2 protein chains.
Amino acid sequence: MLIVQKFGGSSVANAERVLNVAKRIAKTYHQGNQVVVVLSAQGDTTDDLIAKAKEISKNPSKREMDMLLTTGEQQSVSLMAMALLEMGLPAISLNASQVKMHTTSDYSTARIKRIDSKRMKRELDRKNIVIVTGFQGINRYDDVTTLGRGGSDTTAVAIAAALNADKCEIYTDVEGVYTADPRIVPNARKMDEITYSEMLELASLGAKVLHNRSVELASKYNVELVVRSSLTEAEGTVVKEVIKMEEMLVSGVAGDDNVARVSLLGVPDKPGKAFDIFKTFGKKNINIDIIIQSVATDGKRNISFSIDKDSLNDVKEIVDQNIAKWGATGVEYDENLAKVSVVGAGMVSNAGVASKVFEAMYDANININIISTSEIKISILIEKEDMRKAMRKIHDKFDLGA
Amino acid sequence: MLIVQKFGGSSVANAERVLNVAKRIAKTYHQGNQVVVVLSAQGDTTDDLIAKAKEISKNPSKREMDMLLTTGEQQSVSLMAMALLEMGLPAISLNASQVKMHTTSDYSTARIKRIDSKRMKRELDRKNIVIVTGFQGINRYDDVTTLGRGGSDTTAVAIAAALNADKCEIYTDVEGVYTADPRIVPNARKMDEITYSEMLELASLGAKVLHNRSVELASKYNVELVVRSSLTEAEGTVVKEVIKMEEMLVSGVAGDDNVARVSLLGVPDKPGKAFDIFKTFGKKNINIDIIIQSVATDGKRNISFSIDKDSLNDVKEIVDQNIAKWGATGVEYDENLAKVSVVGAGMVSNAGVASKVFEAMYDANININIISTSEIKISILIEKEDMRKAMRKIHDKFDLGA
């Protein structure tokens, strides 16, 4: 098999961990597999480099920042290659310019355009373990770019797609994807399998195991993803298009307690008004999550939406500047909210899921602020202090526990 | 004018120094010059990276070591570009792969083959200050190489040659090239000008201002070198082919107190014997400096040579393994020697220089162990404890002082 393995920064933070990861790679190689490894920068390297740059410039050039930050992964891959060579295994490190990992030109948020797989294939043909820098690329000017958040996962999936790998293993500090965060729901169960779309919903809901971009890419190119622990030998969770067993009605519950709600009151009920409002936020790169409009009365509506609490200050500023233009009569903010979401591919054809969620909230005496449903997800906004209880209740209600 | 400026690792060791160097670069740029800057890795970065590698592998792969070490210069150049951009100046950093600095494939000791100057010229045309990584290159496989000792000086000279620059300024922590080490000879004088060949002799004799490779390259492509201080505004020393003023009989005195002498006794006087002996040392990468053969008596000779004391252990091992084969009857080592050299382009046509050196030693009651002369240099091996006195005596004898 051809296997791509991705290890994050904490897995290679020091010499000891590099050597441990090297042993795991060696094991996969000795089982007769071809192995491509994708690495992030060691531990705090990226943060340290950012601090260095900030000493020199308050607002460093993005191009130069990418030039600086990409040295971190190059250090990781060369050290890992040394570790494997020291163990007597053939290994070679490659940076984005050697692989040829072509991206768009957007420094700090580049997107992968195509991967020239010739060099990697040649090294694999020579029986080498190929160690590739995650998170980085080169643009059409031969300049160095970075992929932004979740970049190394995305690199791993993109390489797996380019090489038509049998699977792409993402190593983390947890054993896989759980039905809920085990710190909140003690009897949460590790899932053996999950579909891309479920994983996408969970990833965007604070499961924090895989970044959305990498799951989207895996789904697009049908790359079989495996999320597993770099610390244990446990099997992990397989993420793929169609899962073998009958699809679970509900596969998991996710919580995010960093949510705020904004309500614009008395907005004139005219066509294009909502578009006008959300375009303004979009231009400022504010991510709007759930949107709810009240039914119009007297030609006025209330428009409520949820946002990441980190953007609340920016949102307040935008509202202050535009509220007159929008014609709203007032605004309300609620900063103490949490979002709890239930995800499951089986939900599409089963209308009973929503009512079961409401029943669980009713049993627990939890008030629902806003509800949003999609084909495979139901999200509710509730008081922050109720989040943990709500997650446990729903988890029990759907019998997800171990 | 098009000026190449090279700054070493200590000049860019921290944010404050980076900003200081940036000011100096800015000054040159504001005077209407085109500027290309070559930088080494910051301060101890290279040593720290070597230590990291040694934690992982006792004898790290040279290819991977180069991959690791080249991140140091990439960090320097990006930080410097940020500093210049912060000052409102147009600047761009380039690594060896972006410049296209083609080298041989010899990892850790690569030699520059050719420089593709297109990218640098394009950036200069756009009025950019171009900041280039020193010490590194890429080979025919797109793999990263390093140039070994004196690498960044060599990079700077090679770029100056490729761009046909008006001059190449090498910034150091001294004000230029002196007639002798001022710590040993207090009245040593900074030279305004010196020829390439004099500089070459001085560089190889412990003046430690410029590495030989860079001077050789400058001489080959007739690049005007300027050695000057990064701390003061002093003019520095110009190194070029022909100097304006009448050539000095003697330009400088250099000392090296890390010298050992090896004498092979009773070596059979046969053709090819010396070749046989020195080939053995050459294979083991031992650098032999001065060689002296005694006149043969009874078909036997003594062969003495000087070496860097650091290679003495290796030399002893080689002698032990081969002395029987060479047919020598014994060996003597002297570890407490120093080499003092007098360098001057004017010496070629003046037989009196050697006798003046001997006279100075006679005056000082210093015993000469071995003598070696070339067209522009006279070297003597003396007791280590006599080195400083000898240098001062010779410096006075030729009236080199300020």
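Biologist: Is A:Asp363 buried, partly exposed or exposed, and which class does its relative accessible area give?

Modeller: In this predicted model, the relative accessible area of A:Asp363 is 46%. Since buried means under 20% and exposed means over 50%, A:Asp363 falls between the two cut-offs and therefore counts as partly exposed.

Biologist: With which residue does A:Asp363 meet in a salt bridge?

Modeller: The pair links distant parts of the chain, 34 residues apart, with A:Asp363 in helix H11 (residues 352-363) of chain A and its partner in helix H12 (residues 387-397) of chain A. That partner is itself partly exposed, at a relative accessible area of 24%. The two side chains meet at 3.2 Å, N to O, and the partner is A:Lys397.

Biologist: In the salt bridge of A:Lys339 with A:Asp289, which residue counts as buried?

Modeller: The closest N and O atoms of this pair are 2.3 Å apart, and the bridge links strand E16 (residues 330-343) with strand E14 (residues 288-293) of chain A. A:Asp289, with a relative accessible area of 37%, is partly exposed. Its partner has 5% relative accessibility, and because buried means under 20%, the buried residue is A:Lys339.

Biologist: Which element gives the largest share of the side of chain A that touches chain B?

Modeller: Across this interface there are six salt bridges, and one side-chain pair that meets in a salt bridge is A:Glu86 with B:Lys58, at 3.9 Å. Among the elements that give two or more residues to the side of chain A are helix H1 (15-30) and helix H3 (62-86). The largest share, 17 residues, comes from H3(A).

Technical notes. Residues are numbered from 1 along each chain as its sequence is written. Chains are lettered from A and ligands numbered from 1 in the order in which they are written. This is a predicted model: local features need pLDDT of at least 70, side-chain atom pairs count only at pLDDT 80 or more; totals for chains, interfaces and linings use all residues. Side-chain values use heavy atoms; hydrogens and water are left out. A salt bridge is a side-chain nitrogen of Lys or Arg within 4 Å of a carboxyl oxygen of Asp or Glu. Helices (H or I, at least four residues) and strands (E, at least two) are DSSP runs, numbered from the N terminus. Buried means under 20% relative accessible area, exposed over 50%, partly exposed in between (1.4 Å probe, protein chains only).
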